[in-house]
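Q: Please take a close look at one part of this model. Which elements does it hold, and how do they fit together?

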Amino acid sequence: MSLIRALSKELQARSDESLRALFSARPDLISPGVPDFAALAARASGRVSVQRALERLNRPQMQVLETLHLCTNSDTGHSASAAMLKKLISGSSAAAIDRLLHSLQELALVHRADPPHGAAPAAAKQRHYLPVGSLKDVIGIYPAGLGRSYTELVRLQPAFAQRVVQLVGELHRGGASISPATTPMEAALSLQHWTATPESLQQILTTAPDRTAALLARFGNWAMGAVPQAQRRASVLHESSDVGPVDWLLARGLLVPLDAAHVELPHSVGVSLRGGFVIERFSLVPPLPHLGHTSAGLRRNAALGAIAETLRLVGEVLYAVREQPLATLRSGGVGVREMKRLADSLRIDVHAAGVLAEFCAMGGLLRLDVDSSAWVQPQQLEWLALPRQEQWLWLVNAWLASERAPSLVGQPVSAAVPGLAGHRGAAGTTINALSAEAQRPDAPVVRKRVLEILHELTLEAAAPDGQAPVLNAAAVLERAEWTQPRMARRFSSLIRGILTEAEMLGLIGSGALSQLGAAIAAEQPDEALGILGEHLPAALQHVLLQADLTAVAPGYLDPELSERLLTMAAAEGQGPATIYRFSVASVRRALDAGQDAAAILDFLRRHSATAVPQPLQYLIEDTAARHSRLRVGAAASFIQCEDETALLELLNAPAAAALGLVRIAPTVVVSHAAFREAAQILRGLGLAPVLEEAAPAVVRLRRSTPGAGSGRPVYTAPRTAPPEADIDAQLAVLRGDGSRAPGSGAHSPAAAPGSEEATQLGLETLLKAIRLRQRVVMNVVDSMGNASRETVVPVAVNGGRVRVFDPVKEIERVLSIHRIIDVEATEELFQ
């Protein structure tokens with residue numbers, strides 16, 4: 001029976017509660033909905049759906065599933081039971097494996113099957129299982145880190161097949177206890193038998209050179225390795241005592257060359273190195289890391305300090321961007337030069353400035369102005385008027401929901417972006433702030449999982465009162481690799497950056513998960529808001545003015561006060577206790593902005609805990625006295641006339657109002673109109689102006705398009721289960737009038753051509769025929785819509801096409817899968 005039809009029959013026999021659990025664990029099965037159980041089974045067997053399901057499995061489940069895959073054969077129906085798997089998994093028990101198999105069955109990744117042919121009566125009473133058909137494609141060619149068998153390597157590696165008979169003959173003549181062979185397949189079986197047990201392999205390695213055991217140990221987790229000139233070095237049987245371990249293993253077939261630079265450790269050799277087990281280390285409980293401890297008070301102070309510093313820096317970023325927007329590059333993102341300018345204004349390094357800019361953009365505090373291609377602050381930004389704790393929650397919600405990874409800024413593109421390693425254009429290129437390369441769609445899921453792991457490890461550590469466990473990236477990654485081993489690569493590339501960002505937001509303090517982080521991990525933002533409102537110091541409304549022309553902020557200043565100080569003084573140093581230094585240039589900047597000496601001194605008296613020092617007062621008054629002696633304005637054209645009376649009449653003429661004339665001298669007026677336009681209007685008034693050859697420079701001002709204020713971000717945790725209403729609707733369809741009662745004996749109807757079920761059934765038949773070299777009968781439609789039945793031998797399926805061999809015409813053809821109506825396997829094998 002087809003594996004898809006067997007799974008369909010099993011799903012139909014399940015209870016509604018079991019189906020609800022399945023849909024909650026694998027929501028893609030009902031998105032969109034399916035019409036019947038056959039379509040549900042086809043979707044559950046699909047490659048993409050199985051891949052998503054495997055990403056949610058923990059290490060024991062993956063180990064059992066990979067072992068089941070290795071010791072079963074879906075083509076011949078050879079199934080396996082928990083007792084059989086126990087022999088291949090070191091440290092396991094039949095009861096534990098049976099529970100794990102049941103959990104995999106509930107996820108529709110395995111299904112019940114008949115016992116293998118010839119099984120003993122006692123074994124026939126046990127529950128036997130087969131995995132879904134697409135599992136082999138999803139797991140890959142190295143399940144459990146073990147290589148392929150010698151027979152498969154002979155079939156897929158022509159170079160190895162050409163020399164394997166000679167290799168076995170040389171080993172036999174050299175005294176090895178291996179049977180000679182006359183064909184490549186016989187030679188592969190001889191090598192397989194020669195290395196089948198740990199004892200036989202240990203005997204083979206007794207004559208191996210030094211460091212051979214250490215070399216083989218490097219293949220403990222993965223079967224493939226890099227060896228320069230592998231095929232050339234494997235061509236000679238080395239007998240000298242000074243030969244290296246690589247050449248010795250290659251010459252005896254214990255390593256098989258794949259190409260000029262890579263080798264593979266065959267399956268039987270790998271299993272024997274593991275003591276005859278597929279899985280060497282098996283545990284139902286996750287490993288407990290060795291963690292240090294810090295005091296709860298130190299953790300709280302570090303978290304609160306990080307929050308205050310982040311809020312201060314975000315406020316300064318917004319002020320700096322208001323003064324001068326961040327220009328973007330043609331390729332996207334903000335260049336290093338612009339980020340260096342921002343970093344200098346914030347007195348921090350370039351990487352930290354890039355991360356802060358990403359934080360602001362994630363929260364909508366900065367937006368990209370399409371007219372100027374620069375990052376600007378939206379008008380009427382709500383964040384600026386919020387209390388400090390709500391400003392913090394705004395940033396945290398934006399961080400949790402964002403699909404960007406701020407800590408990737410500054411990293412090499414080839415290392416940070418999956419799939420670009422070794423890319424020709426990625427060498428030497430780093431990720432710019434606010435560029436597309438920092439986009440990671442999986443970031444929200446990884447952040448949520450990292451916070452959950454931090455919470456789990458904190459609870460498991462059971463630290464004494466007043467203490468908190470210190471968590472590092474290694475401990476979090478170790479737990480992540482145990483809970484979701486298929487996601488380990490994603491975690492490893494993001495986890496350190498996520499921990500750094502969480503520390504900036506106060507979710508981690510002094511290396512330990514803070515109370516705020518625990519509340520956010522438990523999806524209780526209101527509790528976190530209450531904790532922060534109780535412990536976070538209020539913003540200060542005063543500074544300490546000193547006689548050395550400086551103002552010292554004794555703590556976190558109110559953002560409005562800080563921004564006003566920045567208009568008249570230059571900030572120095574880092575941290576909340578910022579020093580603001582007054583100078584002639586800084587005071588002149590405030591005067592240019594429209595303030596006067598009286599207003600500046602009044603502001604300082606109101607916000608200073610000390611009297612205004614006399615040197616500072618003199619500086620402000622002297623600078624203001626010298627200010628405005630020269631004035632600079634904008635004009636598009638000027639009009640000069642020696643007759644002052646005529647010029648005065650022109651100024652008072654209503655028809656000349658369109659020129660916007662302003663008198664700057666007894667004989668000179670300026671206009672905002674261009675000089676040719678001004679001349680045309682003057683001619684219309686009956687005057688005869690003369691155009692100067694050189695016109696003054698025209699200043700064009702671009703009016704920025706007002707942007708709507710950014711809405712407050714609200715974080716919603718990534719949904720891992722579909723809504724109950726969708727599950728109820730799907731169950732109603734499956735249990736409708738068209739469903740058959742389990743065990744009714746009715747045969748499943750033929751799948752409708754073009755349906756998801758028909759496509760999966762056709763692919764399953766094709767892949768099985770490829771593995772068994774079996775002929776199939778295809779019903780194929782040509783471009784004119786004419787159907788024809790053809791008997792062919794499928795060779796490969798890839799990219800929506802199937803390559804087949806026509807034994808009648810003795811040619812190979814490529815057919816599009818969408819033109820195949822149905823596929824029927826025959827019993828005839830192709831020789």
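A: Two strands pair if DSSP finds at least two bridges between them. Strands (E, at least two residues) and helices (H or I, at least four) are DSSP runs, numbered from the N terminus. The model is predicted: local features need pLDDT of at least 70, side-chain atom pairs 80 or more, and totals for chains, interfaces and linings use all residues. Residues count from 1 along each chain, and side-chain values use heavy atoms, without hydrogens or water.

The part chosen here is strands 21, 22 and 23. Strand 21 covers residues 774-781 and strand 22 covers residues 787-798. Six bridges hold this pair, in the antiparallel sense. One contact point to pick out is Val777, whose bridge partner in strand 22 is Thr791. Strands 21 and 22 make a hairpin, with five residues between them. In that turn, Gly785 has a positive phi of about 90 degrees.

Strand 22 also pairs with strand 23 (residues 801-806). Five bridges join strands 22 and 23, again antiparallel. Pro794 has Val804 of strand 23 as its bridge partner. Strands 22 and 23 form a hairpin too, with two residues between them. Gly799 sits in this turn, with a positive phi of about 60 degrees.

Follow the chain once more. Strand 21 leads into a turn that holds Gly785, then comes strand 22. Strand 22 leads into a turn that holds Gly799, then comes strand 23. Strand 22 thus has antiparallel bridges to strand 21 and to strand 23.
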